[in-house]
Amino acid sequence: MNRIPIIKALKHDRWVKPFLRHYKKTLILAILLGILTFVCGSGLMFCAGYLISKSATQPENILLVYVPIVLTRAFGIARPAIQYFERIVSHNWVLRMTSKFRQKMYDSLEKDAALFNSKYQLGDVLGLLSDDVSHIQNLYLRSIFPMFVAWGLYAIIVISLGILSPLMGLWMLITFGLMIFAIPIWSIVVNGARQDYEKAAQDKLYVDLTDNVMGVTDWMLSGRSQEFLQLHVNSREKLLAIHQKMKKFERMRNFLMQMILLLIVVSLIIWGAARFGGHQSPLTNWIAAFVLAAFPLNEALASLPSAAQETNVYQKSLIRLNNLPNPDQKAPKKTLATVAPYNLMLKDVHYTYPHTEKEILRGITLAIHSGEKIAILGKSGAGKSTLATLLRGDRKPTLGRISLNDIDVADFGDQMPKYFSVINQKPYLFNTTIANNLRLGNENATEKQLWDVLERVGLKRTVEALPEKLDTQVEEAGLRFSGGERHRLALARVLLKNTPIVLLDEPTVGLDPITEQAVINTFIEQLGGKTLIWITHHLQGIEKMDQVIFIEDGKIAMQGTPKQLWQNKRYRELKKADQGL
């Protein structure tokens, strides 16, 4: 049993077991109703089969036909009624459970976002939110619930037939035991590795797609768009190959299940004929009864191997969920504060994403002084975006330290936005008014302050020309405005927030050269006096920076002022190439 991963995962679980205990009365009621549903189904088919056969012969006593008629009617009414009630109870239980489950998960994510981001990549987050919650829900619906129902039916069959015939009870113990225990465990052991690989490959697809899509512009600019597509195609082909192997195994397993069921039906016919057959009740009266009675049992047992096999996937989800911070443990909130000047220090920073071996950053040491303007350059995948997430405390370094005035940036938590603002590649505008979008930076901003900040970013005339001015609806994702205008609105929000440090994460990607230069000029002019960290992949406007660093293979390859770097032959070649010379 130690080879069954789900058992080991459940041993120290704090996600599934608590809900089983908390809602145990409703769960027990749902299981009992589930067992009764199949008992009534088998009883209905048994009585109907006997009645059909008996009605074809002349009955010696009217009770031999009347009693099966009454039982058929009773089972026929009871089965859908009990099943309907069972569905109401089980769905009520599942909905209540999943509601509390999701709340607990979101509380866990909210409790320590920096710790969570340090352990998971963006693709892992998608995997957690889209897959793991539904996996745990399926663990209840498709594994735990059917398993308990099957065990209940198994006990009823073995005990009832064992009372009539101990030998037949032992035979049912063996044959039904194969269907309920042996074959499901076999599915876990044999197909488990394939299931694990399929889940791991699916999670890798999430990670690769999200990481690559974020840098899809760089793929296209470097002429590697076909390579980008091929990466996805290769991953899909591997997934398809393992999926086909799993389907082949499942067909063989399902055939074996049907053969065992056939063996059970034949043995029931033979035993029933020997036990109940005779001159008064010939064999033909029992054939249809026992054959038809087995069909509802097949419905209850056929899904058990697939459900057991899926626990390999559920086990991964359980482990990942149990690695989240426990929201039930109330940690004391730390209140951190610091004052100007705001100096950022990076000391021997290393970073490796979880579940990967490649080190993204390797020994970055850097001092960013208050009011300094620094540009961080590098090709796609060099580690620029990873460095950005570390700087704002969304992730923690694997090794080394990043501090703001000698306090670890990750320790600031929810207080970090007081000191740090970000403008990324595609600043998001919400489907509400211009005023509401701007007030995300300062909810108490007056109308005069809004007009002042719009004038600073060069949008006052544009907004004044709109019929509803500040009350104009921005439309979903800011589609009413051009790319340059969206970046200026994002800058206006940052100016209203008035944080001492501003991070520009490739904010001009996708803009034409003229608009790009205008946006850069506005940023630099309006953010004067603030610490400006500009992450970019090319050199336009770089001469206005105080310090420039190039990251290559996770290390700082070049560093200095624009004038100092101009003495470097490689820098001059990069500058000329960037200008198309």
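A contact, as used below, means heavy atoms within 4.5 Å. The exercises concern a predicted model.

**Exercise 1. Overall composition**

Determine how many helices and strands the protein has, and what share of its residues is buried.

Solution.
1. The secondary structure comprises 20 helices and 10 strands.
2. Of the 581 residues, 47% are buried, where buried denotes a relative accessible area under 20%.
3. The accessible surface amounts to about 29,800 Å², and carbon and sulfur atoms contribute 60% of that area.
4. Among contacts between residues at least 6 apart in sequence, 76% join residues at least 24 apart.

**Exercise 2. Annotated transmembrane regions**

State which residues the UniProt annotation "transmembrane region" covers, and examine the secondary structure over residues 27-51 and over residues 255-274.

Solution.
1. According to the unreviewed UniProt entry, the annotation covers residues 27-51, 63-82, 144-164, 170-189 and 255-274.
2. Over residues 27-51 the chain is 100% helix and 0% strand, with its end C-alpha atoms 36 Å apart.
3. Over residues 255-274 the chain is likewise 100% helix and 0% strand; here the end C-alpha atoms are 29 Å apart.

**Exercise 3. The buried face of helix H15**

Identify the buried residues of helix H15 (residues 447-456), explain why they line one face of the helix, and name the helices against which they pack.

Solution.
1. The buried residues of H15 are Leu450, Trp451, Val453 and Leu454.
2. Viewed down the axis of H15, these residues fall within an arc of 165 degrees, so they line one face of the helix.
3. Their packing partners are helix H14 (434-438), helix H16 (460-464) and helix H17 (483-497).
4. After H15 comes glycine 458, which has a positive phi, near 80 degrees.

**Exercise 4. The six-stranded sheet**

Give the strand order of the open sheet that contains E8, and explain why E6 and E10 each have one side without a neighbour in the sheet.

Solution.
1. The order is E6-E7-E8-E3-E9-E10, and the pairing is mixed.
2. Strand E6 (420-423) and strand E10 (555-560) are at the edges and have a single partner strand each, so one side of each lacks a neighbour in the sheet.
3. From one strand to the next, the twist averages 20 degrees.
4. Helix H17 packs on this sheet, where it touches E6 and E7; the direction of H17 makes about 175 degrees with that of E6.
5. The mixed pairing can be followed strand by strand. E3 (residues 373-377) pairs with E8 in the parallel sense over five bridges, and E7 (residues 501-505) also pairs with E8 in the parallel sense over five bridges.
6. Strand E9 (residues 547-552), by contrast, pairs with E10 in the antiparallel sense over five bridges; valine 548 stands opposite glycine 560 in E10.

**Exercise 5. Strand E8 within the sheet**

Establish how many residues of E8 (residues 531-536) are buried, and which of them point each way.

Solution.
1. Six of the six residues of E8 are buried.
2. In a regular strand, side chains alternate between the two faces of the sheet.
3. Thr531, Ile533 and Ile535 point one way, whereas Leu532, Trp534 and Thr536 point the other way. Both sets are buried.
4. Within the pairings of E8, lysine 373 stands opposite leucine 532, and leucine 504 stands opposite tryptophan 534.

**Exercise 6. The four-stranded sheet and its E4-E5 loop**

Describe the sheet that contains E4 and E5, then determine whether asparagine 405 and aspartate 406 are buried, partly exposed or exposed.

Solution.
1. Four strands form an open, antiparallel sheet in the order E2-E1-E4-E5. Its edge strands are E2 (359-368) and E5 (407-408), each pairing on one side only.
2. Strand E1 (residues 344-352) pairs with E4 (residues 399-404) over five bridges, and the bridge partner of lysine 347 is arginine 401 in E4.
3. Helix H12 (residues 384-391) lies across E1, E2 and E4 and runs at about 125 degrees to E1.
4. Asparagine 405 lies in the loop between E4 and E5, as does aspartate 406.
5. Most residues other than glycine have a negative phi. Asparagine 405, however, has a positive phi of about 50 degrees, and aspartate 406 has a positive phi of about 70 degrees.
6. With a relative accessible area of 22%, asparagine 405 is partly exposed. Aspartate 406 has a relative accessible area of 55% and is therefore exposed, the cut-off being over 50%.

Key: Residues numbered from 1 in each chain as written. Heavy atoms only, no water. Buried < 20%, exposed > 50% of the residue type's maximum accessible area, 1.4 Å probe, protein only. Helix = DSSP H or I, 4+ residues; strand = E, 2+ residues; numbered from the N terminus. Arc of directions from axis to C-beta. Pairing = 2+ DSSP bridges. Areas by Shrake-Rupley, 256 points an atom, 1.4 Å probe, with all protein chains shown as cover. UniProt positions renumbered as here; feature names shortened; annotations may be inferred. Axes fitted to C-alpha atoms, helices over the stretch in contact; angles between N-to-C directions.
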